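Me: Please take a close look at one part of this structure, the loop regions and the helices they join. I would value a connected account that sets this part within the whole chain.

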Amino acid sequence: MPQTTFGRRGLASPAPAQLAYRPAPVMSAPEPTAAPQERSLAGYFLWLLFQFDGRLDRRTYRYCRIAANLSFVLLITTLRSTEPASADPRKLLAHALLLLGGLALMAWTTLAMQVKRRHDRDKSWPWLFVGFIPIAGSIWVLIETCWLDGTPGFNRFDDPKKTIAAQFA
């Protein structure tokens, strides 16, 4: 009776001695990306929040999204509570510009982290448009970014062991 082993997903597969020989495809390591390989914490956070290259694992994504969302709620709450009481149009304009700047910063960091998370799943940035589908899109984005595993090893976007995130993990 042939012995079976269980693979990554728990499915039965034939024992290694019974596998027919197939040469492995020749895969070279991907070219290094333009991600700065700084080892400083500030460089890591700049890459994490503002750049669109590289990969981001789901644990880091979840913690950073929680921290970013809380900081943006704090920023918007602070700006709304300090709304100028006077009817001076310059103060109102400055306050509105600060509020819009905070929202633009939140949108940019959300996009940057979601693109990196999609790269970890070996998908390109157009997959962000799934989030525009009412209800089902939001649920799928939540599942895709927070619960589904990334591609093991390197994929077409980057080798996870060479990214900046791996240096601080």
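Reply: D122 is a suitable starting point: this residue is partly exposed, with a relative accessible area of 31%, a value that lies between the 20% limit for buried and the 50% limit for exposed residues. The model under discussion is a predicted one. D122 is located in the loop between α3 (89-120) and α4 (136-146). Its phi is positive, at about 65°, although D122 is not a glycine. Most residues other than glycine have a negative phi.

A second residue of the loop between α3 and α4 deserves attention, namely I135. This residue, again not a glycine, has a positive phi near 60°. I135 is exposed, because its relative accessible area of 67% is over 50%.

Beyond α4, the loop that leads to α5 (164-168) contains L148. L148 is partly exposed, with a relative accessible area of 25%. Apart from neighbours within four places in sequence, L148 is in contact with R58, R117, R121, W140 and I143. Two of these partners also take part in the meeting of α2 and α3: R58 from α2 and R117 from α3. For the pair L148 and R121, the separation is 27 residues in sequence and 8.1 Å in space, taken from C-alpha to C-alpha.

To place these loops, one may consider the chain as a whole. The protein chain contains five helices and two strands, which follow one another in the order β-β-α-α-α-α-α. Of its 169 residues, 27% are buried. The accessible surface comes to about 11600 Å², and carbon and sulfur atoms hold 69% of that area. Among contacts with a separation of 6 or more, 69% join residues 24 or more positions apart.

The helix that precedes the first loop, α3, packs against α2 (58-81). The angle between α2 and α3 is about 175°, and their axes lie 10 Å apart. The two helices are therefore roughly antiparallel to each other, since an angle over 145 degrees counts as such. On the α2 side the residues involved are R58, Y61, C64, R65, F72, L75, I76, L79 and R80. From α3, the participants include H95, L98, L99, G102, L103, M106, T110, M113 and R117. By class, this contact comprises 12 nonpolar, five polar and four charged residues.

Within this pairing, L98 merits a separate remark. L98 belongs to helix α3 and is exposed, with a relative accessible area of 53%. L98 is nevertheless among the α3 residues that meet α2. Its C-alpha is 7.8 Å from that of L79, and the two residues are 19 apart in sequence.

α3 also packs against α1, here at an angle of about 90° and with the axes 6 Å apart. That angle makes α1 roughly perpendicular to α3, because it falls in the range of 65 to 115 degrees. W47, L48, L49 and F50 of α1 meet L105, W108, T109, A112, M113 and K116 of α3. Eight nonpolar residues, one polar and one charged residue make up this contact. L105, T109 and M113 thus appear in the contact with α1 and in the contact with α2.

The largest nonpolar core draws these helices together in one description. Its eight residues are Y44, W47, L48, L56, Y61, C64, M113 and C146. α1 (41-50) and α2 each supply at least two of its residues, and α1 gives the most, with three. In soluble globular proteins, nonpolar side chains tend to be buried together. Several core residues recur in the helix contacts: W47 and L48 of α1 meet α3, while Y61 and C64 of α2 take part in the contact with α3. M113 of α3 is a core member and is involved in both contacts described above.

To return to the loops, the residues examined there differ in exposure: I135 is exposed, at 67%, whereas D122 and L148 are partly exposed.

Technical notes
Residues numbered from 1 in each chain as written. Predicted model: local features only at pLDDT ≥ 70, side-chain atom pairs only at ≥ 80, totals over all residues. Heavy atoms only, no water. Helix = DSSP H or I, 4+ residues; strand = E, 2+ residues; numbered from the N terminus. Buried < 20%, exposed > 50% of the residue type's maximum accessible area, 1.4 Å probe, protein only. Contact = heavy atoms within 4.5 Å. Areas by Shrake-Rupley, 256 points an atom, 1.4 Å probe, with all protein chains shown as cover. Core = buried A, V, L, I, M, F, W, Y, C linked by side-chain atoms within 4.5 Å. Axes fitted to C-alpha atoms, helices over the stretch in contact; angles between N-to-C directions. Parallel < 35°, antiparallel > 145°, perpendicular 65-115°, else oblique. Nonpolar A, V, L, I, M, F, W, Y, C, P; charged D, E, K, R; others polar.
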